[in-house]
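Please find below a colleague's note, to be read beside the model.

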Amino acid sequence: MKTKNIFKMLAMALLMPAMLLTTACSSDDDAIVNNEPTAKKGYTIPVTVNVTREGDEAANSRITRATYNESTMKLSFSSGDKLFVIGAHNDAGLFGGTLTYDGGTTFSGTITTKNPYSGTAAALFSSAETVAASLLPNDYGTYGYFSITENKGYNAELAYNNNNAFATTKALAVEQFCMEWAGSYSDGFELSPCNAILNFTITGLTPSTEVTATLTDGGSLTISGNVTTDGSGNATFAVAVPYGTNLNSLSLTVGGNAIVLGSGSKTLVSGKIYNINRSAVDLPEGALPGKFAINAGGHKVRFSQGNLQAVIADGGPTNTYNYAASSWQFAEHQWDFIGNAAGNTSFAAGSTVDLFGWVGYTAAYNTYGLCTFVTNNNNQVTSHSYYGSNSASETLRNDWGTLAISNGGNTANSGWRTLTSSEWDYLFNTRSGATVKGTSNVRYTLATINTNNGSGGVRGAILFPDGVTIANGEATSWGALNSVSQWNDATKCTTTQWTALAAKGCVFLPITGYRSGTTVEQATYVGHYWSSTPANNEETKAIRLMFSNQLLFLSNIGDYRCNGHAVRLVKDVE
């Protein structure tokens, strides 16, 4: 086991041997009786010493300690704490011992000196050439982070082992791994912190699975341990690291996933607890963390951060938007939609559209799959020449995967795509889904989110990711699960509650309505989302997802391709 000496600032003192206090020396030492050693091995001195912490007299933001109250941040010692003391004195020679916590700020026991010494312990400490003390938390031996090595009586040394500086909770890490030491004595020892605690929460892992977490600086510092993820795939653990370490120079892996801590330089301060939240997955730009199975083979996807939007470049000929020159983006929030407003209902350069016609590629009209908004004198264009012939030989561009969603470009092969009708069907009706308030295999619920102060909110459907666990209290009220319900009885979430659900990977599909010509219908009652599947034997129709408080249609329900529906893209992940 590789150990490191704890007293960095007292290098010479660290090398000094000091006897670990016992009522009898180790097996090859003679016993000390009434301060008179039978073989001149050492002399004991009774000690009662006052121990405080740096900053006890004032507010102190440095909070690592042997025991602490996380809610009040109150400094405190606890029963079983010990104080390890070593030093050197001109007359007494080397000395050392371990004192036990009595209560208040008092530790007591005996100190052993190499040479005879008739003064008090206070006088010994005050006049010592070097003296240092370090706090040992109760049950420190259980973790093996601190250890005392003994060699013939007073030849004792305190060391720590980085490999054992790993705990499954922040409280345990603070209890067992915080280093507190004093390098001098003045009417007592005043302890100062000399390391930092990193408290990690890592999301995006496989639920209820044991994973290994390793933190290293690529050199002598390597801290590793196992932790079991919770029902939502979150792992929480904490480690102790030396102060002065550059946080962003450390490498962290959890369950084989490399976690980026940051860039540049961030120097860790002694006595600080750093709460660090990271995802175990390198999410594509604009992707949400939840995973959703879309077929019986277990293939999974992640959804985009919001519905697809196009910012229009110009009106084009015959009021046909020039989509080739338009820019693409995702809605900023999952609940955002334009509805019955400009962009969806009128032509203007710079307008934002989120209800799109479903088309095949038609060179004559320079149309791009799923993106054409075509009117002719405000009348619907139903000719299939605009929308593809749906023939076996037709090259359909019926998927947004041909368009890039970053930087407003229209580059092919961005990786985003539209679900097929069978994938939508499996998503809602077949996959295992989540455990919600104790009910397993929950896939969706109709909901109103952002219902702050008991009013308002946005209607839609919440999709629960595979494998997560949702507690009863994570919504204000719950409606039907895996079934449609009346909006008054639907699940309701405040913005705070929805934010917590979204952090677990939940997806929200807002009620969007649909566009017919330049009119948007059902904007607050029905959600319409395209699939990438054309309707069988119907040249002017394609399949869409349609849901409301009374129905859920997923397959074989075609709608005219010229109508505008919402598009929510996915990326394949496994």
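The points that follow take up a sheet, a pocket and the cysteines.

1. The model is predicted, and local features are reported only where pLDDT is at least 70.

2. Four strands make up an open sheet of mixed pairing, ordered 35-32-33-36. Its edges are strand 35 (491–492) and strand 36 (507–510), each of which has a pairing partner on one side only.

3. Strand 32, residues 444–449, and strand 33, residues 458–463, run antiparallel and are joined by 6 bridges. Within this pair of strands, Thr445 lies opposite Ile462 of strand 33.

4. The largest pocket has a volume of about 360 Å³. It is lined by 21 residues, and those closest to the pocket centre are Gly204, Leu205, Thr206, Pro207 and Lys291. The lining divides into 9 polar, 7 nonpolar and 5 charged residues.

5. How many disulfides does the structure hold? There are 0. Cys178 takes part in none, and the nearest cysteine sulfur to that of Cys178 belongs to Cys194, 9.1 Å away.

6. Why is Cys194 not bonded to Cys178? The closest cysteine sulfur to that of Cys194 is in Cys178, and the 9.1 Å between them is too far for a bond, because a disulfide requires the two sulfur atoms to be within 2.5 Å.

7. Are these two cysteines buried or exposed? Cys178 has 2% relative accessibility and therefore counts as buried, the cut-off being under 20%. Cys194, at 9%, also counts as buried.

Notes: Residues numbered from 1 in each chain as written. Predicted model: local features only at pLDDT ≥ 70, side-chain atom pairs only at ≥ 80, totals over all residues. Heavy atoms only, no water. Pairing = 2+ DSSP bridges. Helix = DSSP H or I, 4+ residues; strand = E, 2+ residues; numbered from the N terminus. 1 Å grid on protein atoms, 1.4 Å probe; cavity = no way out; pocket = protein on both sides within 12 Å on 5 of 7 lines; lining within 4 Å. Points joined across faces, edges and corners; volume = space filled by probe spheres on them. Nonpolar A, V, L, I, M, F, W, Y, C, P; charged D, E, K, R; others polar. Buried < 20%, exposed > 50% of the residue type's maximum accessible area, 1.4 Å probe, protein only.
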